[in-house]
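Dear colleague,

I am passing on the structure we spoke of, and my notes on it follow directly below. Please read them with the coordinates open beside you.

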Amino acid sequence: MTDISFVERVAIVTGAGGGLGKTYALELAARGASVVVNDLGGATDGTGADASAAQKVVDEIVANGGTAVASHDSVSTPEGGAAIVQTAVDSFGKVDIVINNAGILRDKTFAKLENKDLEAVLDVHLKGAFYVSQPAFRVMKENGYGRFVFTASNAGVFGNFGQTNYGAAKMGLVGLSNVIAIEGAKANIKSNVICPIARTRMTEELLGPLADSVSPELVTPLVTYLASESCEQTHEIFSAGGGRYARVFVGLAPGWFAGKGASVSADDIAANIDQIRAQDGYIVPNSIADELQGLLPLLKGEK
Ligand SMILES: NC(=O)c1ccc[n+]([C@@H]2O[C@H](COP(=O)([O-])OP(=O)(O)OC[C@H]3O[C@@H](n4cnc5c(N)ncnc54)[C@H](O)[C@@H]3O)[C@@H](O)[C@H]2O)c1
């Protein structure tokens, strides 16, 4: 049993004015963190703004005896991202934890998707995570400690009808987290991704009968763990919903090797497609180096 504490830790939670982000901010603050509660306060499609969204969560934290400040900057510009991190540094002296959670939806089928809906979704989810995480990473590197949690989605990792913009942005976050995990390793910076399933304003119409069983509070414990010093995992993806927590991973199977120096035709691919696709004996590479380590002996004729 660990007693997970955030005393003397400084956390930024983006999009923490409601939904999932609010539960993370409340929980981290209850466990002693000083929290920057960031939220633009707009509608689900990203339009509008309302400073009271973040402030209400700050008021609740303070009323509970915790420490928090509000930030109303948008994650979707470099200036906004820098201002959010600066708020943490100015208010609390550093930043130890970034939970990239802010998000919007502009669902359209691919045939009907307009450029403005692509841009808006990429700006908030993917570029927004860059804009907040990069200045935070620099502070963490200096301090030799950091924890990132990125919010992907099963819509990207597994796919979902009508969400090309959202799915691509969310899968992009997996790539961002993977590389941060590698570049941050020496400085004790860990980076992981979650794919949540929870009843919020974003999903209440989609979930149907599932809605009552998937409270946001059931995602919070995993995020709290990943944001903590107790978390030894990095470079990983987790699904969390309704009380089920499970690893999601990208695996590399042994495949089919044509032989050293062989020439290969499309017909050879067709003939061997079952072996190429077979999943037995996969590894979960943690870098390109892990993949090459398996390939090199084949290329050298050692296997
Ligand atoms: N609820 C789910 O089942 C589910 C599933 C997969 C992924 N997600 C992701 O989880 C995250 C949280 O979503 P939620 O379900 O709590 O929805 P939500 O709409 O309640 O929360 C998103 C928050 O982000 C804020 N926000 C939007 N644009 C912003 C910007 N530019 N700058 C700062 N804040 C901004 C919103 O004001 C809102 O409070 C999102 O990234 C979403 O894509 C949710």
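How do the residues of the shell around the ligand divide into nonpolar, polar and charged? In this model, which is a predicted one, the shell comprises 12 nonpolar, 14 polar and four charged residues. There are 30 residues around the ligand, and those that come nearest are Leu-20, Asp-39, Asn-101, Tyr-166 and Thr-200. At least two shell residues are supplied by each of helix H1 (19–30), helix H4 (115–143), helix H6 (164–184) and strand S6 (189–197).

Turning to the polar contacts made by the backbone, a polar backbone atom of Leu-20 lies 2.8 Å from an oxygen atom of the ligand, and a backbone N or O atom of Asn-101 is likewise 2.8 Å from a ligand oxygen atom, while for Leu-40 a backbone N or O atom is found 3.3 Å from a nitrogen atom of the ligand. The protein buries 96% of the 820 Å² that the ligand exposes when taken alone, and the space that the ligand takes is the largest pocket.

Two residues deserve a separate look for their backbone geometry. Asn-188, in the loop between H6 and S6, has a positive phi near 55 degrees although this residue is not a glycine, and Asn-188 counts as partly exposed because its relative accessibility is 29%. His-235, in the loop between helix H7 (220–226) and strand S7 (236–241), also has a positive phi without being a glycine, here near 70 degrees, but His-235 counts as buried, since its relative accessibility of 14% falls under the 20% cut-off.

With best regards

Technical notes
Residues are numbered from 1 along each chain as its sequence is written. This is a predicted model: local features need pLDDT of at least 70, side-chain atom pairs count only at pLDDT 80 or more; totals for chains, interfaces and linings use all residues. Side-chain values use heavy atoms; hydrogens and water are left out. A residue is near a molecule or strand if one of its heavy atoms lies within 4 Å of it. A polar contact is a pair of N or O atoms within 3.5 Å; within protein, one must be able to donate a hydrogen and the other to accept it, and residues adjacent in sequence count only if both atoms are side-chain atoms. Accessible areas come from the Shrake-Rupley method with a 1.4 Å probe; for residues, only the protein chains shown count as cover. On a 1 Å grid over the protein atoms alone, a cavity is a set of points where a 1.4 Å probe fits but cannot get out, and a pocket is an open set with protein on both sides within 12 Å along at least five of seven lines; lining residues have an atom within 4 Å of a point. A molecule sits in a cavity or pocket if more than half of its atoms lie within 2 Å of its grid points. Helices (H or I, at least four residues) and strands (E, at least two) are DSSP runs, numbered from the N terminus. Ala, Val, Leu, Ile, Met, Phe, Trp, Tyr, Cys and Pro count as nonpolar, Asp, Glu, Lys and Arg as charged, and the others, Gly among them, as polar. Buried means under 20% relative accessible area, exposed over 50%, partly exposed in between (1.4 Å probe, protein chains only).
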